[in-house]
Amino acid sequence: MSTLATLPTLLFLDTLFEFLRPSTLAGVAVEGLSLAALYVMITAGLSLIFGLMGVLNFAHGAVTMLGAYLGGLVTVLLVGGATGDPVRFLAFFVATLVAFGALAALGGGMEIALVRPIYDRPPLYQILLTFGVTLILEELARIVLLFYGIQPISDWQDALATRPAVLGEGLGVAGVAVDGLELFQILFGILTVVGVWAFLTRTRYGLYVRAGSEDDEMLAALGVDVRQVFTVVFALGTGVAGAAGVLLAWDPSWAASVPLAAETLLPAFVVVIVGGLGTFRGTVAAALLVGVTDAIMKWWFQNYVEFTGLPEITVFLVLVIMLIVRPQGLYGVSEVGGH
Amino acid sequence: MTDGGSTVPDGGSESGNESATPSGESAVPDGEPLLSVDGVHSYYGDSHILEGVDLEVHEGEVVALIGRNGVGKTTTLRSILQLTPPREGSVTFRGEELVGLDTHEVAQRGVGWVPEERRIFAQLSVAENVRAAVPESEDVDAGLERAFDRFPDLRERRAADAGDLSGGQQQMLAVARGLVGGNDLLLVDEPSEGLAPMIVDAVAEALADAAREATILLVEQNLPLALDLADRFYVVDHGTVVDTGDADAVDADSERLRRYLSA
Amino acid sequence: MSGADTGQPSDRTQTTEEILADDGTPWYSQYLRDHRVHVLTVLLLAAYPPVYAALAGSPVSGEAIALLPEVQTMVAVLYFGLFAMSFDFISGYTGYLSFGHAAFYGTGAYLTVLIANGKLVTTLPVVGTVLTPQTPFMLSLVLAGLAGAVLALLIGSVSFRLSGVYFAMITLGFSQVLYVFVRNWDFVSDAPRDGVAVTGRTTGFEIGVPAVDGLNVAVGVLLGDSVSLFGGAVELSATEVSFYAIGAVVLVSYLAMQRVVHSPFGRVMIAIRENEERARAIGYDTYRYKLGAFAISGFFAGVAGSLFAAFRQSVTPENGFYFLVAGDALLASIIGGFGTLVGPLYGRLFEESVQEFLSKSGSGGGLLPWLEANVPSSVLQAELFNGLTVAEAIDTFLNGHAELYVGVMFVLFVLYVPNGLLGTVRDRAGGTLAKAGIPALRRWFR
């Protein structure tokens with residue numbers, strides 16, 4: 001009897017010790033941070049829009065997907081087989097700018113044409129509308145891809161191939177083996193956070209966004225054209241999502257494909273709600289929480305339990321637990337279910 | 001309706017003013033009013049809140065709107081600001097029609113709002129709260145400095161989160177915000193609500209101060225405060241104006257007002 | 001919701017008290033009153049297969065096949081319509097958007113298939129072995145409904161603490177957890193990602209009275225019964241038989257939900273949608289009512305899933321549990337009309353018709369085959385630009401891409417027809433079709 005009981009316990013302890021080794025912890029931490037960086041990037045725009053306008057933009061995932069394809073297109077056009085790494089990074093930079101600009105324009109147009117007319121309706125209709133837009137965008141993407149002979153469902157290999165060699169390698173940093181790609185993603189995540197934070201705290205528009213997220217009626221009574229602020233924020237939000245897509249096009253576990261839209265939308269929702277309505281601080285904190293938890297779960301489910309589907313559930317379990325324990329999210333100030 | 005019976009100086013009365021307002025002994029100043037509200041009907045959904053409101057405010061005055069809870073005083077202010085756009089009637093400011101404009105356009109024309117519950121941006125700092133009100137054309141720092149000149153207490157706390165301020169300080173902030181940008185008309189809603197008597201005094205002083213620079217339309221349940229600050233008053237009941245007069249001609253507990261104000 | 005158009009039928013002008021007030025009509029009178037429209041609708045639906053068959057054999061067969069959905073599609077309209085109606089039951093009447101509604105549908109479907117495959121055989125004390133593959137389908141159907149109801153109670157007990165977007169998100173979260181779970185759980189099949197199929201059956205699932213042979217029909221395109229009536233005068237194919245059998249179950253379910261909606265319980269549901277705080281202030285335990293409504297909607301969603309599995313003989317995680325399944329119900333509801341109960345069925349019918357119209361030939365016909373048959377080839381081969389012919393353009397942009405136009409339609413509906421088709425008709429007529437429709441039609445014809 002005692003032998004039967006000790007075996008599972010021994011296995012667990014053994015795995016635990018494996019986990020607690022510095023090299024494992026460091027590896028998981030880096031992976032967690034890189035996931036967090038990705039989650040921040042795909043969520044930042046959604047969070048700004050939701051916080052200011054109360055609109056849960058269902059089309060956010062589709063925008064990320066379009067950014068991935070658009071960015072991939074740019075890199076595919078600019079990069080040849082023999083292109084060196086520095087040029088590839090430059091191509092990435094160009095791709096990000098193009099994706100940001102194009103998707104920001106799309107977002108602004110969408111807001112003016114479609115979202116504005118239904119400001120006064122209950123939030124349900126804004127969700128419905130953006131859901132409809134998702135269908136349109138995804139199908140348009142499919143049409144264009146099929147026209148050019150690209151499979152919509154599978155990862156776009158051509159785009160993945162434009163990645164610099166250094167990002168595919170493992171690098172040794174302070175004795176820890178990390179993926180070049182993960183470092184790159186962390187870097188971009190930090191840049192995004194800093195960029196958005198600077199926008200929010202250092203610019204006039206950012207001030208309007210923060211004020212409007214609390215009370216947009218009051219902001220209007222102060223003489224600010226809140227509708228214009230809405231449009232700008234919507235455009236910015238979709239622009240950031242587009243840029244995030246470019247980054248994802250280089251990551252084999254995401255990659256440019258039409259299903260990327262749903263793959264990024266759901267975690268983005270989770271991060272927004274776990275973080276708390278209307279706070280960028282909350283988004284960053286939630287992205288860290290979800291990213292690190294995800295990485296930890298991934299490790300455990302590769303090395304201990306054999307249920308391969310569970311890491312995908314992690315994100316939703318975090319959502320469910322958070323909504324039960326603390327419905328307003330980590331930093332939320334509004335009333336629960338206030339929208 | 002009781003009626004003083006004395007003649008009314010024709011001054012600011014608009015022709016066609018067919019409301020049920022009796023001609024009280026109010027000395028409505030001469031000349032064109034700064035703000036004129038005529039026959040305004042406003043709704044919340046299908047609820048008919050304002051059933052024909054008529055009033056006017058002249059430059060330099062402090063006019064009080066008094067009445068029980070829920071009679072439409074706040075809605076009147078909101079209707080002026082086009083936050084609750086009137087379905088019927090007109091609102092003119094300096095002769096220009098406000099109905100049909102966006103709220104921010106009304107605000108840009110020089111109408112400020114100090115709303116019920118203050119509604120300061122709790123997560124922004126004091127300075128940022130004022131900054132948000134400074135019009136784009138103006139120098140933000142200059143606007144800030146002027147606001148702090150008027151309310152030195154706020155200067156001390158400029159970096160604090162507005163949500164950490166006391167009730168009285170938040171009220172000062174709300175008033176400062178309302179004045180920034182050189183607003184000529186200030187719509188003030190229940191400034192004394194929820195504040196201790198001593199603080200109310202400080203707020204009253206601040207408002208009296210503000211009255212030197214701006215015209216004020218004041219909604220207030222605290223009768224002595226309202227009558228003290230105001231030159232004239234309107235009594236609102238069931239969505240329309242039912243009485244009007246000079247503030248110093250009436251006592252807070254006079255029979256005339258009590259019938260409209262007891263809960 | 002000050003100043004906002006709630007987009008719901010005429011209830012919005014009433015106070016909570018008025019909504020809750022009983023108008024004194026007994027439920028059977030209510031049914032009789034609605035009866036006329038119901039009978040008409042049922043007759044129209046029942047006439048569809050023979051009419052379609054007749055048109056398909058007539059000179060206008062090409063047009064008919066291109067425009068009208070084939071009977072097999074109509075069967076899908078029926079069971080998915082039931083799912084969409086159960087979605088409207090909770091979302092349209094209480095105002096709580098159930099984004100995770102697919103959970104109940106998928107559960108019902110999977111349960112049915114698992115029972116049929118003998119995976120759930122259990123031996124209980126007293127009753128012996130239960131849930132064998134020989135379990136009558138009607139029992140599986142009820143169990144599927146009950147499973148849906150129980151799941152709804154579980155999910156609802158946690159989720160109804162929230163409202164609005166948060167409720168929608170948490171139900172979505174639950175349903176996605178189930179989706180991922182079922183996708184990876186090898187208990188259900190060897191390749192859980194591909195879903196489960198019914199194995200080892202030579203006959204279809206039977207709808208009807210379980211023990212009585214003559215009152216039973218098997219459903220399914222391949223395994224269903226074809227029926228000969230009136231001594232061979234009327235021949236119904238397996239698909240047509242399935243249409244009627246499944247239609248009967250859907251009808252009964254609809255009538256049950258309708259009964260609830262028109263009862264005091266239903267009035268509380270509407271009161272919750274219009275102003276929950278007020279309803280609570282009056283004294284109703286809204287949490288219990290919400291849970292009850294959710295359980296009912298979960299029951300019928302499970303039934304719908306079971307019908308789906310019975311007809312198709314298979315389920316996958318994608319068409320059972322994925323959140324877009326609830327999205328489709330949402331689509332159907334917006335097109336048909338929220339808070340109308342039957343609207344979503346019409347919405348699904350509309351959407352499926354468009355889908356089929358724009359799909360490739362061989363799946364019920366469509367635009368291109370009809371054009372190919374009827375438009376001169378000179379027009380079809382005309383070049384638009386860059387070597388792209390008209391025919392190719394139609395193929396690229398239309399065939400198989402119905403989603404795009406459905407999406408556009410969806411957006412247009414949200415913007416301009418927020419009450420959906422049925423909702424707008426009701427608004428114009430001034431009440432439900434039963435009360436106001438017949439007089440309105442009379443006026444129109446006068």
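**Exercise 1. Is B:Arg150 buried, partly exposed or exposed? Describe its salt bridge as well.**

Solution. The model is predicted, and each value below is computed from it.

Step 1. The relative accessible area of B:Arg150 is 22%. Buried would require under 20% and exposed over 50%. B:Arg150 is therefore partly exposed.

Step 2. The salt-bridge partner of B:Arg150 is B:Glu213, and their closest N and O atoms are 2.9 Å apart. A salt bridge needs a distance within 4 Å, so this pair qualifies.

Step 3. Now place the two residues. B:Arg150 belongs to helix H4 (residues 140–150) of chain B, while B:Glu213 sits in the loop between helix H7 (197–210) and strand S8 (215–219); the two are 63 residues apart, and the pair links distant parts of the chain.

Step 4. B:Glu213 has a relative accessible area of 46% and is partly exposed.

**Exercise 2. Which parts of the chain does the salt bridge between B:Asp237 and B:Arg68 tie together?**

Solution.

Step 1. The side chains of B:Asp237 and B:Arg68 meet at 3.1 Å, N to O.

Step 2. B:Asp237 is in strand S9 of chain B and B:Arg68 is in the loop between S3 and H1, so the bridge joins parts that are 169 residues apart in sequence.

Step 3. Compare the accessibilities. B:Asp237 is buried at 10%, whereas B:Arg68, at 22%, is partly exposed.

Step 4. As background, side chains of opposite charge can pair when their charged atoms come close.

**Exercise 3. By how much of a helical turn are A:Glu138 and A:Arg142 separated, and why?**

Solution.

Step 1. Both residues lie in helix H5 (residues 123–147) of chain A.

Step 2. Because they are four residues apart in that helix, about one helical turn separates them.

Step 3. Their side chains form a salt bridge of 3.8 Å, N to O.

Step 4. A:Glu138 is buried, with a relative accessible area of 17%, but A:Arg142 is partly exposed, with 25%.

Step 5. Over all chains the count of salt bridges comes to 25.

**Exercise 4. What is the order of the strands in the six-stranded sheet of chain B, and how does S9(B) fit into it?**

Solution.

Step 1. The sheet is open, its pairing is mixed, and its order is S6-S7-S8-S3-S9-S10. S9(B) thus has S3 on one side and S10 on the other.

Step 2. Strand S6 (111–114) and strand S10 (240–246) are the edges, each pairing on one side only. From one strand to the next the twist averages 20°.

Step 3. S3 (residues 62–66) and S9 (residues 232–237) of chain B run parallel, with four bridges between them. Two of the bridge pairs are B:Ala64 with B:Phe233 and B:Leu65 with B:Tyr234.

Step 4. On the other side, S9(B) and S10(B) run antiparallel and are joined by six bridges. Here B:Val235 stands opposite B:Asp243. The hairpin has two residues between the strands, and B:His238 takes a positive phi near 50°.

Step 5. In a regular strand the side chains alternate between the two faces of the sheet. In S9(B), one face carries B:Arg232, B:Tyr234 and B:Val236, the other B:Phe233, B:Val235 and B:Asp237, and all of these are buried.

**Exercise 5. How is the four-stranded sheet of chain B arranged, and which helix packs on it?**

Solution.

Step 1. This open sheet has the order S2-S1-S4-S5 and antiparallel pairing. Its edge strands are S2 (47–57) and S5 (96–97).

Step 2. Eight bridges join S1(B) to S2(B); in one of them B:Leu35 is partnered by B:Val57.

Step 3. Helix H1 (residues 73–80) of chain B packs on the sheet and touches S1, S2 and strand S4 (88–93). The direction of helix H1 makes about 110° with that of S1(B).

Step 4. Take one residue of strand S1 (residues 35–44) of chain B, namely B:Ser42. Its relative accessible area is 0%, so B:Ser42 is buried.

Step 5. The side chain of B:Ser42 makes a polar contact of 2.7 Å with the side chain of B:Ser79. Beyond its sequence neighbours within four places, B:Ser42 also touches several residues, among them B:His48, B:Leu50 and B:Thr75.

Terms used. Residues are numbered from 1 along each chain as its sequence is written. Chains are lettered from A and ligands numbered from 1 in the order in which they are written. This is a predicted model: local features need pLDDT of at least 70, side-chain atom pairs count only at pLDDT 80 or more; totals for chains, interfaces and linings use all residues. Side-chain values use heavy atoms; hydrogens and water are left out. Two strands pair if DSSP finds at least two bridges between them. Axes are lines fitted to C-alpha atoms, for helices over the stretch in contact, and angles run from 0 to 180 degrees between N-to-C directions. Buried means under 20% relative accessible area, exposed over 50%, partly exposed in between (1.4 Å probe, protein chains only). A polar contact is a pair of N or O atoms within 3.5 Å; within protein, one must be able to donate a hydrogen and the other to accept it, and residues adjacent in sequence count only if both atoms are side-chain atoms. Contact means heavy atoms within 4.5 Å.
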